[in-house]
Amino acid sequence: MSLPQFKLLRPRTLDEAISQLAKYCDRVEADHSPARDGQASPPTHKLRIVAGGTDLIPSMRQKLFEPQFVLDIRHIAELKGIRQQQGSGIEIGALTSLTTIEHSDLLRRRYPVLTEAAATVASPLLRNMGTIGGNICLDTRCLWYNQSLTWRKGCGFCIKKDGDLCHVAPGGTKCWAAFSGDTPPALLCLNAEIEIASASGVRRMPLPDFYTGDGVAYRKLQPNELVTRVFLPESSADYRGIYRKLRVRGSIDYPLAGVAVVMKRSNGHVADARLAITAVNPAPVLVKGASELLRGKIVDEALAEAVGNLAAKTAKPLTTSALTPEYRREMIRVFTKRAVLAAATN
Ligand SMILES: Cc1cc2nc3c(=O)[nH]c(=O)nc-3n(C[C@H](O)[C@H](O)[C@H](O)COP(=O)(O)OP(=O)(O)OC[C@H]3O[C@@H](n4cnc5c(N)ncnc54)[C@H](O)[C@@H]3O)c2cc1C
């Protein structure tokens, strides 16, 4: 599968990237590629940002994106690295590689759930290339979407790209493609915020507000914006953190279910805890009610089981090529129970 033709833009500074975004991405317009079988293509971005390229490039080969311009932000040094902010947590540049995060002593000591989640992404080579910003902005995935053009054409396309029907939820109008990034559930548990920059300035957003819950327009990011930094607050430091992930091939695969838990205890009781799940909804989600259920209690099998049931109720997995939705929901319950018990173990 060859790459479609595009013009490569290579900014060296953030200012340059922002002005190129403003120049080439000032509007959303129809895909310049030919309409599929007479159907008009849905609106798509004229420009795509590439960071590590580990998700975007395979998707471009599958003709899921055929942008006129690709903005390669990899060389912007100011967006790389992990910095401790005096008394106010940690700042991570969007272009920091997942390997750097996985091996950061500072993060492992103070925000262990993030290093654990980063270490499970794909494979070592992909973690060397892949960035935290790319992981946060990752496109949603579906059996009927992440396929070649020929495959998708054979199935009459789907609601997420070029078609108007959903194969996993026939008759529905919502796209259920799953968000399948590993670090966002950990970041949600840590109450992380992200910084978004454009020619109009810089804004900070709590991570839960970034995701829409819709498989198509899955993130709130304008075509002229890019994610520049991730902030981990001081108040989330020093929690015990666990990440558990279900995948077919342990050495490389995307999660088919993922659970992140953070917990702080005092005198054996849970002082505070948060739980988030991934790969089983169109967005990574904090499980509502989990903190309240755990707070003030001593963790035992029954409590961990109850939290697991709550997480399973929040999960809405749909068909994938491997593993049934029922099995994946059950694994959310099992992994949550195990993660809660592990987080409560000294
Ligand atoms: C075989 C294979 C296995 C994989 N397994 C996993 C897995 O287990 N877990 C997992 O989480 N991921 C997995 N991935 C996906 C991918 O490797 C990671 O999610 C990685 O973190 C993506 O980062 P990147 O920098 O390569 O993103 P890119 O591919 O460069 O970009 C991904 C998306 O984010 C956008 N983007 C990137 N950076 C920014 C930014 N700063 N601002 C705005 N938009 C931006 C791009 O436009 C694109 O839409 C896998 C990929 C492959 C090929």
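Which residues have the most contacts inside the largest nonpolar core? They are Leu114, Phe210 and Leu232, and the core they belong to has 42 residues. Keep in mind as you read on that this is a predicted model.

## The nonpolar cores

Let us start with Leu114, one of the residues with the most contacts inside the largest nonpolar core. Beyond its neighbours within four places in sequence, Leu114 is in contact with Ile92, Ile101, Leu107, Ile132, Thr183, Ala186, Leu187, Leu190 and Leu232. Leu232 thus appears twice: in this contact list, and beside Leu114 and Phe210 among the residues with the most contacts inside the core. There is also a second core, separate from this one, with 30 residues, including Ala273, Leu294, Leu303 and Val340. As general background, nonpolar side chains in soluble globular proteins tend to be buried together.

## Around the ligand

The ligand has 34 residues around it, and those that come nearest are Ile49, Thr54, Thr131, Asp182 and Asp253. Sorted by class, this shell holds 18 nonpolar, eleven polar and five charged residues. Three elements each supply at least two residues of the shell: strand S4 (47-50), helix H7 (132-136) and strand S10 (226-232). Of the shell, H7 gives the largest share, with three residues.

Backbone atoms are worth a look here too. A backbone N or O atom of Ile49 sits 2.5 Å from an oxygen atom of the ligand, and a polar backbone atom of Gly53 is 2.8 Å from an oxygen atom of the ligand. For Val227, a backbone N or O atom lies 2.9 Å from a nitrogen atom of the ligand. Taken alone, the ligand exposes 970 Å², and the protein buries 94% of that.

## Asp72 and its partner

Is Asp72 buried or exposed? Asp72 counts as buried because its relative accessibility is 0%, with the cut-off for buried set at under 20%. The residue is placed in strand S5 (residues 69-72).

The side chain of Asp72 makes a polar contact with the side chain of Arg10, at 3.0 Å. Setting aside neighbours within four places in sequence, the contacts of Asp72 are Leu8, Leu9, Arg10, Pro11, Val50 and Ala51.

## Two positive phi angles

Most residues other than glycine have a negative phi. Against that background, two loop residues are worth finding in the model.

Lys63 is not a glycine, yet has a positive phi of about 60°. You will find Lys63 in the loop between helix H2 (56-61) and S5. Lys63 has 17% relative accessibility, so this residue counts as buried.

Ala122, likewise not a glycine, has a positive phi of about 45°. Its loop runs between helix H5 (112-118) and helix H6 (124-129). Ala122 also counts as buried, because its relative accessibility is 14%.

## A loop glycine

To finish, turn to Gly213, in the loop between helix H10 (207-210) and S10. Which residues does Gly213 touch, not counting residues up to four places away in sequence? They are Lys174, Pro282 and Ala283. Measuring C-alpha to C-alpha, Gly213 is 20 Å in space from Leu190, with their positions 23 residues apart in sequence numbering. Leu190 is also one of the contacts of Leu114, which brings us back to the core of 42 residues.

Conventions. Residues are numbered from 1 along each chain as its sequence is written. This is a predicted model: local features need pLDDT of at least 70, side-chain atom pairs count only at pLDDT 80 or more; totals for chains, interfaces and linings use all residues. Side-chain values use heavy atoms; hydrogens and water are left out. Helices (H or I, at least four residues) and strands (E, at least two) are DSSP runs, numbered from the N terminus. Buried means under 20% relative accessible area, exposed over 50%, partly exposed in between (1.4 Å probe, protein chains only). A polar contact is a pair of N or O atoms within 3.5 Å; within protein, one must be able to donate a hydrogen and the other to accept it, and residues adjacent in sequence count only if both atoms are side-chain atoms. Contact means heavy atoms within 4.5 Å. A residue is near a molecule or strand if one of its heavy atoms lies within 4 Å of it. Accessible areas come from the Shrake-Rupley method with a 1.4 Å probe; for residues, only the protein chains shown count as cover. Ala, Val, Leu, Ile, Met, Phe, Trp, Tyr, Cys and Pro count as nonpolar, Asp, Glu, Lys and Arg as charged, and the others, Gly among them, as polar. A nonpolar core is a set of buried Ala, Val, Leu, Ile, Met, Phe, Trp, Tyr and Cys residues joined through side-chain atoms within 4.5 Å.
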